[in-house]
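Work through the exercises below with the sequence and the structure at hand. Try each task yourself before reading its solution.

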Amino acid sequence: MAKKTDNTKAGGAKGAGAPKKRNIIQNLKDSYTIVHRSFPWVTWAILGTLLLTIGGNIVYMVLSKTWIWGAITTVLLLLLVPMLWLSLLLSKAMLRQIENVKGSVGALSQMIRRSWVAEPEPVAVNKDQDLVWRFVGPQGILLVSEGPHGRATRLLNDEVKKTSRVASQVPIHTIETGTGAEQVRLEKVLKTAYKFPKALSRHEIPAVVKRLKALHRKDGLPIPKGIDPMKVRPNRRALYG
């Protein structure tokens, strides 16, 4: 009997420690909290869209006398409209809230298109902890820097020279992230990269990545203490507040 009791307690404790499943309303609430921090106007955008769509639906219900389907459509609109607005702005809001965090460009690896290959760690770093990240995709090689314009430019130029030694036939694009006059906001980096002309096929991308990794292993990258690129991904729980 004692064993059964112990097993029951252990099972109960395990069940109590298991994370509860989140429903759609909780997910919407958390997403709204994140988006509202960067875009306070999202509340009015959602309300205005709901008024227009539901108002149009009510007019259609009255004219067509389809009360049941009209009621179902109204309920769906109450869920779909906020979801559409939040899904449109969520990634942008998250990037805007972490853009001043060291290593924030690493978060783009989770958002970039599947046709691209992202390095999980920076490929260049200096004593001031300015970073350069590398992505390879249909548009070629993309080097993205973090840091003030002057230092970032020097670091990018050095990395372009190294990269061109093993991939001279591949276009190399550079983007400086930041809020300066000659820099690109973190939330616009991918959009900017996708606008470059295509240069590689999906079969050529792995070959270029392999050659670049060989360069990375040869040079080595002494990452300063205090920078852990694996810890700069967007922490959704931290953003909830």
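**Exercise 1. Describe the second largest pocket by its volume, its central residues and the character of its lining.**

Step 1. The second largest pocket holds about 210 Å³ of space. On a 1 Å grid over the protein atoms alone, a pocket is an open set of points with protein on both sides within 12 Å along at least five of seven lines, where a 1.4 Å probe fits, and lining residues have an atom within 4 Å of a point. A volume is the space filled by probe spheres set on the points, which are joined across faces, edges and corners.

Step 2. This pocket has 13 lining residues, and those nearest its centre are Glu-99, Asn-100, Gly-147, Thr-177 and Gly-178.

Step 3. The lining divides into three nonpolar, seven polar and three charged residues. In this sorting Ala, Val, Leu, Ile, Met, Phe, Trp, Tyr, Cys and Pro count as nonpolar, Asp, Glu, Lys and Arg as charged, and the others, Gly among them, as polar.

Before going on, note that this is a predicted model, in which local features need pLDDT of at least 70 and side-chain atom pairs count only at pLDDT 80 or more, while totals for chains, interfaces and linings use all residues. Residues are numbered from 1 along each chain as its sequence is written, and side-chain values use heavy atoms, with hydrogens and water left out.

**Exercise 2. Find which elements give two or more residues to the lining of the largest pocket.**

Step 1. The largest pocket has a volume of about 270 Å³, and its lining consists of Ser-91, Lys-92, Leu-95, Leu-108, Met-111, Leu-186, Glu-187, Lys-188, Leu-190, Lys-191 and Tyr-194.

Step 2. The elements that contribute two or more of these residues are helix 4 and helix 6; helices (H or I, at least four residues) and strands (E, at least two) are DSSP runs, numbered from the N terminus.

Step 3. By character, six residues of this lining are nonpolar, one is polar and four are charged.

**Exercise 3. State how many salt bridges there are, and place the partners of three of them.**

Step 1. Side chains of opposite charge can pair when their charged atoms come close. The rule used here asks for a side-chain nitrogen of Lys or Arg within 4 Å of a carboxyl oxygen of Asp or Glu, and by this rule there are five salt bridges.

Step 2. Glu-187, which also appears in the lining of the largest pocket, forms a salt bridge with Arg-96 at 2.8 Å, N to O. Glu-187 lies in the loop between strand 5 (172-177) and helix 6 (189-194), whereas Arg-96 lies in helix 4, so that the pair links distant parts of the chain, 91 residues apart. Glu-187 counts as buried because its relative accessibility is 14%, and Arg-96 counts as partly exposed because its value is 28%; buried means under 20% relative accessible area, exposed over 50%, and partly exposed in between (1.4 Å probe, protein chains only).

Step 3. Arg-134 and Glu-119 meet at 3.3 Å, N to O. Arg-134 is in strand 3 (residues 131-137) and Glu-119 in the loop between strand 1 (117-118) and strand 2 (124-125), 15 residues apart, and both Arg-134 and Glu-119 are buried.

Step 4. In the pair of Arg-151 and Asp-130, the closest N and O atoms are 2.5 Å apart. Arg-151 lies in helix 5 (residues 149-166) and Asp-130 in the loop between strand 2 and strand 3, so this pair ties together parts that are 21 residues apart in sequence. Asp-130 is buried at 0% relative accessibility, while Arg-151 is partly exposed at 27%. Salt bridges that share partners join Asp-128, Asp-130 and Arg-151 into one network.

**Exercise 4. Compare two residues with positive phi by their place and exposure.**

Step 1. Lys-65 is not a glycine, yet its phi is positive, near 60 degrees. Lys-65 lies in the loop between helix 3 (42-64) and helix 4, and it counts as exposed because its relative accessibility is 64%.

Step 2. Gln-129, also not a glycine, has a positive phi of about 65 degrees. Gln-129 lies in the loop between strand 2 and strand 3, and it counts as partly exposed because its relative accessibility is 24%.
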